Amino acid sequence: MVPDQGITQVIFTINNNNDPFNYGTGGSPRWPSCSKNFVLYITDGEPCADGYLPNSLRDYASGRSQYNCSGTSCPAVGSFPASTFPSCTGGGESSSCGGIVSGCYVAGIEDVALYMHTTDLRSPTLGVNNMPGIQNLTLFSVFAFGKGSTLLRYAAINGGFEDLNGSNTPDDQSEWDQDGDGEPDTF
Ligand SMILES: [Ca+2]
Ligand SMILES: [Ca+2]
Ligand SMILES: [Ca+2]
């Protein structure tokens, strides 16, 4: 939905017919501003090479959310333990991610999650078909065959919190743990 300027190969086209915000039928487009939009992310492991991000998204959560990983590790926050990423093989091109870490083996999903959840993706400067109100994405992450990933928890918090105090950041546990069990409600 937010095409990466760095992608040279066109992998999808944007028009009214495949616009997920378009609820119109019969050739009459209709964009209700209050529609909710969700991303269900199902994975069998932690992402391990997310360094290939546009500069505007790289470490976006830094200074915006305490649930921010950087380099090859996530810090401990509250009851969540610190973690380092499993090493993964192949794929990474250091040059593509500015050589920040060899192979681009760095975190990034928690940055993208915060960006997509706190940014109006249909504004005069972003996306197509500028719509009134704020259109964002809410992330639910499902860690199949595993549990207890600090990285995926932070992504779930950043991408799924309800901002009760208007700070635009998940700075209160009640914003992401309404049932009080210590786990993000979207994880
Ligand atoms: Ca980060
Ligand atoms: Ca908040
Ligand atoms: Ca919870």
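# A guided tour of a predicted chain

Colour the chain by pLDDT, the predictor's confidence in each residue, from 0 to 100: among its elements, confidence is lowest in strand β3 (residues 83-84), at a mean of 90, and highest in α2, at 97. Helices (H or I, at least four residues) and strands (E, at least two) are DSSP runs, numbered from the N terminus. Now select residues 1-8, where the pLDDT is below 50; beyond near neighbours in sequence, this stretch has 8 contacts in the model. Two residues are in contact if their C-beta atoms, placed from the backbone, lie within 7 Å. Where pLDDT is low, the predicted coordinates should not be read in detail. Over the whole chain the mean pLDDT is 86, and 84% of the residues reach 70 or more.

This is a predicted model, in which local features need pLDDT of at least 70 and side-chain atom pairs count only at pLDDT 80 or more, while totals for chains, interfaces and linings use all residues. Residues are numbered from 1 along each chain as its sequence is written, and chains are lettered from A and ligands numbered from 1 in the order in which they are written.

**The whole chain**

Switch to a cartoon view, which should display 2 helices and 4 strands. Followed along the sequence, these elements give the pattern β-β-β-α-β-α. Of the 187 residues in the chain, 30% are buried. A residue is buried if 20 or more other C-beta atoms lie within 10 Å of its own, exposed if 12 or fewer, and partly exposed in between, with C-beta atoms placed from the backbone. Among contacts between residues at least 6 apart in sequence, 61% join residues at least 24 apart.

**The two helices**

Select residues 109-118, which form α1, and residues 150-160, which form α2. How do the two helices lie relative to each other? Two packed helices are described by the angle between their axes and the distance between the axes. Here the axes come within 7 Å and cross at roughly 10 degrees. Axes are lines fitted to C-alpha atoms, for helices over the stretch in contact, and angles run from 0 to 180 degrees between N-to-C directions. Helices α1 and α2 are therefore roughly parallel to each other; angles under 35 degrees count as roughly parallel, over 145 as roughly antiparallel, 65 to 115 as roughly perpendicular and the rest as oblique.

Show the side chains where the helices meet: Ile109, Glu110, Ala113, Leu114, Met116 and His117 belong to α1, and their partners in α2 are Leu151, Tyr154, Ala155, Asn158, Gly159 and Gly160. This contact is made of 7 nonpolar, 4 polar and 1 charged residues. Ala, Val, Leu, Ile, Met, Phe, Trp, Tyr, Cys and Pro count as nonpolar, Asp, Glu, Lys and Arg as charged, and the others, Gly among them, as polar.

In α1, 10 of the 10 residues are buried, and they pack against β4 (138-143) and α2. In α2, 11 of the 11 residues are buried, and they pack against β2, β3, α1 and β4.

**The nonpolar core**

Next, select Ala113, Leu151, Tyr154 and Ala155, which touch the most other members of the largest nonpolar core, a set of 26 residues. Such a core consists of buried Ala, Val, Leu, Ile, Met, Phe, Trp, Tyr and Cys residues joined through C-beta atoms within 7 Å. Centre the view on Tyr154: leaving aside residues up to four places away in sequence, Tyr154 touches Tyr67, Cys69, Cys74 and Glu110.

**Two residues with positive phi**

Most residues other than glycine have a negative phi, and most peptide bonds are trans. Select Asp59, which is not a glycine yet has a positive phi of about 55 degrees. Asp59 is in the loop between β1 (38-43) and β2 (73-74). Is Asp59 buried or exposed? Asp59 is buried, with 20 other C-beta atoms within 10 Å.

Move to Phe145, in the loop between β4 and α2. Phe145 has a positive phi of about 65 degrees, and counts as exposed, with 7 C-beta neighbours inside 10 Å.

**Two last stops**

Select Pro81 in the loop between β2 and β3. The C-alpha atoms of Pro81 and Thr150 are 69 residues apart along the chain and separated by 6.7 Å. Pro81 counts as exposed, with 11 C-beta neighbours inside 10 Å.

Finally, go to Thr186, in the segment after α2. Thr186 has 25 C-beta neighbours inside 10 Å and counts as buried. From C-alpha to C-alpha, Thr186 and Ser141 are 6.5 Å apart in space, although 45 residues apart in sequence.
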